[in-house]
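Open the model in your viewer and keep the selection panel at hand. The tour goes stop by stop: select, look, move on.

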Amino acid sequence: MSEVHHSDEFYIRQKKIAELREKGVEPYGDKYEVTHQAGEIVGNFAELEDKIVSVSGRIVSKRGHGKAAFAHLQDMSGRIQLYIRQDRVGEEEYSLYKTLDVGDIIGATGEVFKTKTGEITINISSFNLLSKSLRPLPEKWHGLKDVELRYRQRYVDLIVNPAVREVFITRSKVIQHIREYLNRKGFLEVETPVMHSVAGGASARPFITHHNALDIDLYLRIATELHLKRLVVGGIEKVFELGRIFRNEGISTNHNPEFTTVEIYQTNADYEDMMKLTEELVASVAEEILGTLKISYGGKELDLSLPWPRRDLLDIVREYTGVDFESIPDDDGARRVALQKGLELEGNESRGQIIFTFFEKFCEDRLWGPLFVKKYPVEVSPLARRCSDDPRYTCRFETFLAGKEIADAFSELIDPFDQRARFEAQVKMRAAGDEEAHMMDEDFLTALEYGMPPTGGLGIGIDRLIMILTDSPSIRDVILFPTMRPRV
RNA sequence: GGGCCAUUAGCUCAGGCGGCAGAGCACCUGACUUUUAAUCAGGGUGUCCCAGGUUCGAGUCCUGGAUGGCUCACCA
């Protein structure tokens, strides 16, 4: 009703509302006592045949035959056919039925039977209009295809495209399963602040907001990491948070400005333990919800059978680029190789940054997975513990599924001296113009100075995981209301 | 932010070369008591995304803009 421009149909239905009210029929009714869901009746015909049932839902199709008529009613469980005849309900009720439009929400009561053609149907003895629909629904053959309208008006998408509802039901089940899995293993679910005075825990640009009473700018969180690690310091030895985070970055089929992660921390664990947790968690989700470990994404097979391969990042770089960074020990040498490979440099890049760039530019899009890539350079991993055998690398891994990075994890850095040095290096990069470099977080350092136990930490991108599990090509297909430019 | 593409009825779409704006579904009028993409007879309901320009004449050609999709860049 906010639009200035209405279809004729809108006015026709408005007029119907006035006529209904004249006859004493309220077009926006109170709740209707329901005994069954549509899907329940269709699935239990043997028990329910000839029984009286009450259902409610939206009329999604109508077929009139003079003094009798058919319609389909849709509720959350599915659709069921309704049959109504004038000699059953009377002329007045039948003429009221005839004024109903596709899209109206009604409650209906009658006996369950099967038509000549074998469809399970309710023979209506009475019905109530519960909510009059003013706007016509999209067409029944093709549904709603316009992706812009599907995202902007997800409610219409959900009404007419049943597969969309299935995706979001699966999403809910996946999250539910993750929560139960972690609860079963003794992890405590917590909620930490969304508004941060220091945005940390990831390399990303934050959104900025303002608190009026305190008169301070606050950042929307870009990760839950640093607060969860404070809780580990506080003695919460197994903890997780399923939460929305916000990154002020571009939008693509793999990126939405707000998205959901689960971050998991466990003391007396290391990144090897986190690999096991990752693969077991994802495999159990697939097994439980899809019933198989052999799934396909975009027409390509993805076998989630355990264990998943583990490979050193440096080995992968060597395989795909032919460059062995083991034999290039210093920054200068690394920069020379980078220039040879056609990379544009600013001149102050470190060896570790260049190795990581090689991985991202020349390797990442060729990985299909499942695969754990481990041992990331310390320069690009400011919160991860150094490998004991080589301090230039960290006990960090990323998990690739169907070519997408879906998890990032490490043995946590618990040494407050090293952590301070890492932050200082980041702050320097920030001062040099890197807007995604980490900020100094003194309170987090204070927490580490109280002593943090050895801990394994893991973050999983829930939206991407659900894309893979539902074979969805765009992250917007698994987010109910993806970020869109507002309409003028 | 760059590149490519799209935008025509409520929805899904067609509209060679510049010449009266089209189809199916939906909707409206009527017929029809087990249909199911119901059927039959009749009816076109429009800011052709917006603003300029070229032209006797623009949905169509040109310029600029808006929104969206894909893609590259950045990130997860």
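How many bridges join β1 to β2, and do the two run parallel or antiparallel? Select both strands. Six bridges join the pair, and the strands run antiparallel. Keep in mind throughout that this is a predicted model.

**Stop 1: the barrel**

Stay with β1 (52–64) and β2 (68–75). Highlight Arg-58 and find Gln-74 of β2 standing opposite. Now add β3, β5 and β4 to the selection. Five strands close into a barrel here, in the order β1-β2-β3-β5-β4. The pairing around the barrel is mixed. Neighbouring strands of this sheet are turned against each other by 55° on average, with direction ignored. Strands of a sheet pair through backbone hydrogen bonds, in a parallel or an antiparallel way.

**Stop 2: the whole chain**

Zoom out to chain A. Colour by secondary structure: there are 16 helices and 18 strands. The C-alpha trace spans about 90 × 50 × 50 Å along its principal axes. Chain A has 488 residues, and 49% of them count as buried. Take the contacts between residues at least 6 apart in sequence: 65% of these join residues at least 24 apart.

**Stop 3: RNA strand B**

Select RNA strand B and show its surroundings. 54 residues surround the strand. The closest are Lys-116, Thr-117, Trp-141, His-255 and Arg-464. Which kind of RNA atom lies within 4 Å of the protein, sugar or phosphate on the one hand, bases on the other? Sugar or phosphate accounts for 59% of these atoms, and bases for the rest.

Next, show three polar contacts, one for each kind of RNA atom below.

- Glu-148: an N or O atom of the side chain is 2.4 Å from a sugar or linking oxygen of RNA strand B.
- Asn-256: a backbone N or O atom lies 2.6 Å from a base nitrogen of RNA strand B.
- Arg-476: an N or O atom of the side chain is 3.1 Å from a phosphate oxygen of RNA strand B.

Then colour the surface near the RNA by element. Those that give two or more residues are α1 (8–22), β1, β2, β3 (78–85), α6 (147–152) and α13 (351–363). Which element gives the most? Helix α6 does, with five residues. Recolour by residue class: 24 residues of this surface are charged, 15 are polar and 15 are nonpolar.

**Stop 4: a hairpin and its partner**

Select β8 (residues 208–211) and β9. Four bridges pair them in the antiparallel sense. His-210 stands opposite Asp-217 in β9. The hairpin has four residues between its strands. Asp-215 takes a positive phi there, near 50°. Now add β7 (residues 195–196), which two bridges join to β9 (residues 216–220). β7 and β9 also run antiparallel. Check Met-195: Leu-220 of β9 stands opposite.

**Stop 5: helix α9**

Move along the chain to α9 (residues 225–233). Show side chains for Glu-225, Leu-226, Leu-228, Lys-229, Arg-230 and Val-232, which are buried. What covers them? The cover includes β10 (238–246), β11 (258–267), β17 (404–411), α15 (442–449) and β18 (455–461). Just after α9, stop at Gly-235, where phi is positive, about 100°.

**Stop 6: three buried residues**

Select Thr-170 in helix α8 (residues 162–184). Buried or exposed? Thr-170 counts as buried because its relative accessibility is 15%, and the limit is under 20%. Setting aside neighbours within four places in sequence, Thr-170 is in contact with Ile-289 and Thr-470.

Jump to Ser-350, in the loop between α12 (331–340) and α13. Its relative accessible area is 12%, so Ser-350 is buried. Beyond neighbours within four places in sequence, Ser-350 is in contact with Asp-331 and Glu-379.

Finish at Pro-382, in the loop between β15 (371–377) and β16 (393–401). Pro-382 is buried too, at 6% relative accessibility. Where does the chain come back to it? Draw a distance to Arg-420, 38 residues apart along the chain: the C-alpha atoms are separated by 9.7 Å. With neighbours within four places in sequence left aside, Pro-382 is in contact with Leu-413, Gln-419, Arg-422, Gln-426 and His-438.

Technical notes. Residues are numbered from 1 along each chain as its sequence is written. Chains are lettered from A and ligands numbered from 1 in the order in which they are written. This is a predicted model: local features need pLDDT of at least 70, side-chain atom pairs count only at pLDDT 80 or more; totals for chains, interfaces and linings use all residues. Side-chain values use heavy atoms; hydrogens and water are left out. Two strands pair if DSSP finds at least two bridges between them. A residue is near a molecule or strand if one of its heavy atoms lies within 4 Å of it. A polar contact is a pair of N or O atoms within 3.5 Å; within protein, one must be able to donate a hydrogen and the other to accept it, and residues adjacent in sequence count only if both atoms are side-chain atoms. Ala, Val, Leu, Ile, Met, Phe, Trp, Tyr, Cys and Pro count as nonpolar, Asp, Glu, Lys and Arg as charged, and the others, Gly among them, as polar. Buried means under 20% relative accessible area, exposed over 50%, partly exposed in between (1.4 Å probe, protein chains only). Contact means heavy atoms within 4.5 Å. Axes are lines fitted to C-alpha atoms, for helices over the stretch in contact, and angles run from 0 to 180 degrees between N-to-C directions.
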